[in-house]
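Please consider the structure shown below. The paragraphs that follow lead the reader through its pockets and then its sheet.

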Amino acid sequence: MTTLPASDIQLPLFLYAQREPLTEKSAWAALDEHYRDRARHFQLERLFAADAKRGESMVVEDVGIYLDYSKNLVTAETMALLMQLARQCGLQDRIDAMFRGERINSTEGRPALHTALRKPPGSRLIVDGEDVVAQVQEVLGRMEDFAGRVRSGQWLGHTGRPIRHVVNIGIGGSDLGPMMAHEALRYYGKRDIGMHFLSDVDGAALLETVRALPAEQTLFIVCSKTFTTLETIANARAARDWLVAQLGDERAVSRHFVGVTTNTGQAAQFGIDPENMFGFWDWVGGRYSMASAIGLSTMIAIGPENFRQMLRGFHAMDEHFRSAPPERNLPVILGMLTVWYTNFFHAASQAVLPYSQYLKRLPAYLQQLTMESNGKHVTVNGETVDYPTSPIYWGDNGINGQHSFYQMLHQGTQLVPCDFIGFWKPLEQGGERHELLMANMFAQAEALAFGKSAAQVRGEGTPEELVPHRVFDGNRPSNSMLVEQLTPYSLGTLVALYEHSVFTQGVIWNIDSFDQWGVELGKALAKRTASQLLDHRQPLHHDSSTNALIRRFRNCSRDDNLQQARAA
């Protein structure tokens with residue numbers, strides 16, 4: 001049990017700011033000197049030639065993940081200096097503060113307690129005098145009861161028919177998390193219940209989602225903490241209108257809509273029965289929420305026990321991150337390597353390349369996790385940073401990527417560190433296809449690292465004029481991660497691995513990884529602009545470009561409405 005007295009939680013807003021600027025730390029200066037004098041000249045081919053056991057020594061295995069980071073532009077000295085920087089930045093203290101429930105989300109004065117979502121039953125964490133784990137377990141219990149009734153056919157729609165389709169309505173983490181988890185764990189899903197995800201406020205999104213769905217057997221899960229999220233509520237209202245039009249009765253809403261929200265009043269006004277509302281807390285950011293009630297659609301798809309297994313995987317990585325020494329700590333190693341490439345090699349992006357069709361949505365999920373967390377330009381105490389922060393995260397299923405963007409990875413002019421993720425045991429029996437899949441993963445990492453010289457190309461009899469085109473420079477860094485099999489447990493470990501890697505980066509950069517003020521301005525302007533598009537009498541006070549765009553839209557929509565009226 002961890003107890004934090006309420007009096008101790010009222011901390012100064014920027015308690016967690018580093019007093020000494022990052023670039024003035026001695027470890028930073030040592031890394032800078034190491035980079036300028038040696039590391040920028042590193043050649044992976046030479047590093048491997050100098051150490052026959054490099055591929056065995058630069059490996060960490062824990063929590064079911066085997067991480068080979070030997071194909072990085074680092075030596076043992078580099079890694080020691082990176083870990084020294086982590087210590088000087090107080091990483092362990094920040095880790096401990098997060099797990100204690102202190103208000104490390106300093107700009108919002110909140111804890112970041114996503115780790116409490118996956119603590120096992122019976123454990124305790126007291127924050128502000130309340131046991132947050134008990135609250136989490138209470139919601140999980142209600143989720144399990146509801147999911148069990150839907151899966152078994154006991155939950156009946158308005159006309160008395162069981163649910164056969166579930167539509168998750170959310171945006172951001174309320175969409176990306178459940179969608180990614182559903183795709184990743186589709187193998188474990190209940191095949192007679194179709195899962196659908198609606199986030200885009202474009203009318204075509206709803207149209208194509210419900211086009212072939214039987215209203216009497218469709219359940220909508222509205223995921224909005226405040227029940228005021230513009231896009232989510234617009235989609236929820238449109239879905240409700242569709243349902244009522246199909247079934248002809250407003251009373252149907254209470255049997256076909258449930259809410260994941262803390263605003264029970266607004267949800268009840270919408271027509272959702274309070275018994276069918278599942279809450280979560282302001283200490284859970286959207287991009288960290290897939291283990292909360294936001295995962296209700298995931299639980300319906302894979303079942304309560306598989307959902308619990310996913311939580312166990314999350315928790316196992318949480319405990320590893322909290323207790324393992326930095327040199328053997330998977331998230332710390334990944335996070336510090338990102339700092340290394342971002343701040344010293346000036347790599348602007350990082351690719352995530354899962355060799356699994358099931359993980360095709362993982363790169364999109366990680367885009368929000370990393371870029372919304374660490375895409376910040378000021379430190380926690382409001383000072384402008386003088387170093388790069390979050391790189392751009394991107395990627396795709398590895399095999400598809402090989403025939404799409406790998407050309408740039410191999411022969412382009414930008415350095416893009418890559419994370420390869422693969423499994424040594426397939427879920428399906430496919431003859432030799434899994435060996436072929438993994439052969440591609442290993443080959444791509446090898447090709448990126450060691451390339452192909454002009455001499456090798458010439459030795460193949462290539463005409464001289466084509467030699468430059470067929471040369472691969474190599475020396476492109478990557479991590480390779482191997483996991484036994486894609487299961488709910490291993491998915492939890494992988495997601496938590498990246499969560500804590502992101503946190504590690506944020507601590508080094510001295511930024512708040514848990515706020516997201518950067519999304520607020522566009523949302524506020526969109527509300528004002530939406531009213532101006534709906535009411536053409538409203539005056540425009542934007543810049544000349546925005547004003548012209550709005551007038552153009554108004555004129556075109558007015559002409560379209562006139563044509564429709566004449567046709568009628």
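**Pockets and sheet**

In this predicted model, the residues that line the largest pocket divide by class into 14 nonpolar, 14 polar and ten charged. This pocket has a volume of about 1000 Å³. Its lining comprises 38 residues, of which T229, Q516, V519, E520 and K523 are the closest to the centre of the pocket. Four helices, namely α8 (173–184), α10 (230–247), α16 (362–374) and α23 (520–534), each contribute at least two residues to this lining. The largest share belongs to α23, which supplies four residues.

The second largest pocket has a volume of about 380 Å³. It is lined by 16 residues, and those closest to its centre are Y355, S356, Q357, E428 and L437. Two elements, α17 (398–402) and α19, give two or more residues to the lining of the second largest pocket. Of these, α19 provides the largest share, with three residues. By class, eight residues of the lining of the second largest pocket are nonpolar, five are polar and three are charged.

Helix α19 also leads to the sheet. This helix, which spans residues 433–450, lies across β13 (418–423) and β14, and runs at about 160° to β13. Both strands belong to an open sheet of six strands, whose order is β2-β3-β14-β13-β11-β12. The pairing within this sheet is mixed. At its edges are β2 (59–62) and β12 (392–395), each of which pairs on one side only. From one strand to the next, the twist averages 15°.

One pairing within the sheet may be followed in detail. Strand β3, formed by residues 65–68, pairs with strand β14, formed by residues 478–483, in the antiparallel sense. Four bridges join β3 and β14. I65 has V483 as its bridge partner in β14.

A further helix packs on the sheet: α15, residues 330–343, lies across β2, β3, β11 (349–354), β12 and β14. Its direction is at about 30° to β3. Strand β14 thus appears in several parts of this account: it pairs with β3, and both α15 and α19 lie across it. Helix α19, in turn, lies across two strands of the sheet and supplies three residues to the lining of the second largest pocket.

Methods: Residues are numbered from 1 along each chain as its sequence is written. This is a predicted model: local features need pLDDT of at least 70, side-chain atom pairs count only at pLDDT 80 or more; totals for chains, interfaces and linings use all residues. Side-chain values use heavy atoms; hydrogens and water are left out. Two strands pair if DSSP finds at least two bridges between them. Axes are lines fitted to C-alpha atoms, for helices over the stretch in contact, and angles run from 0 to 180 degrees between N-to-C directions. Contact means heavy atoms within 4.5 Å. On a 1 Å grid over the protein atoms alone, a cavity is a set of points where a 1.4 Å probe fits but cannot get out, and a pocket is an open set with protein on both sides within 12 Å along at least five of seven lines; lining residues have an atom within 4 Å of a point. Grid points are joined across faces, edges and corners, and a volume is the space filled by probe spheres set on the points. Ala, Val, Leu, Ile, Met, Phe, Trp, Tyr, Cys and Pro count as nonpolar, Asp, Glu, Lys and Arg as charged, and the others, Gly among them, as polar.
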